[in-house]
Amino acid sequence: MFYLQKESEFRDEYKDIAFIIGSPDFLGAKTEDDNKINVLIICIAYKDMETNYIEKNKKILVRMKIDEKEMDYYKSILKRESVVKLKVRYEKEQGEELAEFLLADIIDSNYEDEDLTPMLKEYLEPIYYKDEVLGDFLYNRMVGSFDKEFDWVNNRKILIAFDDADEYYKERAVNFIRNIFSDIEYWNKEIKEYSARSIINQGNKAAAKRGENTVDEGEFAKEFANKIDLIEIIIHERENYVNYRLGNKKVFPLDVIAEGDLTGKFTNAFVSQF
């Protein structure tokens, strides 16, 4: 869990700084000693209004400590993918890769700047990963992945995404997706079959321990396949990890997650709480 530095770790002087807030914008976690929330505002560039110095090559964080009930207010004022002008205090010792600030006041939450506004527009230009077989995957800045919606079995749509990694790893992810689409009927059956049997096996073990009746595994798998659909496939190619999400809110309020690797092997399945 990240922490909020003591105010003594920031300089005493207040400066007016313009920031570009990024796509993943706010991170928040409660402190252990009180009910306050430590908040990080993630920025992609800043400009010192006094010196006109612009920094865009570091990880840039603006910190604050607020009441939980204030979070929605600050998110409505300091919006992601925007330029804002803030009164802040510099951290006393800024590193080569990280620049941190402590928020003191919001000067302008919709600021137009001759340098930062064009930078934001350039940042927001769509980025694609192009594949001659699968088509174009659009970069999702919120989560740092390339996404594309595909037609699946029974005219359903599924989302497939992979991480923004080095070219080697992106090719690895795309090759895995190509393999899936070489026989989607097979993969649809395998994903559902593994998920259903894993879930009912866990349920039967728990029921047996309690002395309760168990459910026929084959019948459950058949019913599961008829009612539960594949929703998305998320690939973390560096970690050799694949996440399959299945669900049907009309049947069951929670989704099922199946896990596997890039060889196509399944390793686990469980009912998701999220």
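## Strands β12 to β14

Strands β12 and β13 form a hairpin, with three residues between them. This description refers to a predicted model. The two strands run antiparallel and are joined by six bridges. Across this pairing, Arg-245 stands opposite Ile-257 of β13.

Strand β13 also pairs with β14, again in the antiparallel sense, over five bridges. Here Val-256 has Val-271 in β14 as its bridge partner. The hairpin of β13 and β14 has five residues between the strands, and within this hairpin Gly-264 takes a positive phi near 95°. In a regular strand, side chains alternate between the two faces of the sheet.

## Helix α4 and its surroundings

Helix α4 comprises 26 residues, from 184 to 209. At 1.5 Å a residue the expected span is 38 Å, and the end C-alpha atoms are 38 Å apart, so the two values agree. Just after α4, Gly-211 takes a positive phi of about 80°.

Which residues of α4 are buried? They are Trp-187, Asn-188, Ile-191, Lys-192, Ser-195, Ala-196, Ser-198, Ile-199, Ile-200, Asn-204 and Ala-207. The elements covering these buried residues include the helices α3 (167-181) and α5 (217-227), together with the strands β11 (229-236), β12 (241-248), β13 (252-260) and β14 (266-271). The strands of both hairpins described above are thus among the elements that cover buried residues of α4.

## Helix α3

Helix α3, one of the elements that cover the buried residues of α4, has 15 residues. From its first C-alpha to its last it reaches 21 Å, close to the 21 Å expected at 1.5 Å a residue.

The buried residues of α3 are Lys-170, Ala-173, Val-174, Phe-176, Ile-177 and Ile-180. Seen down the helix axis, these residues fall within an arc of 155°, and they therefore line one face of α3. An α-helix has 3.6 residues a turn, so residues three or four places apart point the same way.

## Arg-89 in strand β5

Arg-89 is located in strand β5, which covers residues 82-90. Is Arg-89 buried or exposed? Its relative accessibility is 7%, and because this is under 20%, Arg-89 counts as buried.

A polar atom of the Arg-89 side chain lies 2.7 Å from the backbone oxygen of Arg-11. Leaving aside residues up to four places away in sequence, Arg-89 touches Glu-7, Phe-10, Arg-11, Asp-12, Glu-13 and Tyr-14, as well as Glu-100, Phe-101 and Leu-102. Arg-11 thus appears both in this set of contacts and as the residue whose backbone oxygen lies 2.7 Å from the side chain of Arg-89.

Key:
Residues numbered from 1 in each chain as written. Predicted model: local features only at pLDDT ≥ 70, side-chain atom pairs only at ≥ 80, totals over all residues. Heavy atoms only, no water. Helix = DSSP H or I, 4+ residues; strand = E, 2+ residues; numbered from the N terminus. Buried < 20%, exposed > 50% of the residue type's maximum accessible area, 1.4 Å probe, protein only. Polar contact = N/O pair within 3.5 Å; in protein donor to acceptor, adjacent residues only side chain to side chain. Contact = heavy atoms within 4.5 Å. Expected span 1.5 Å × (residues − 1). Arc of directions from axis to C-beta. Pairing = 2+ DSSP bridges.
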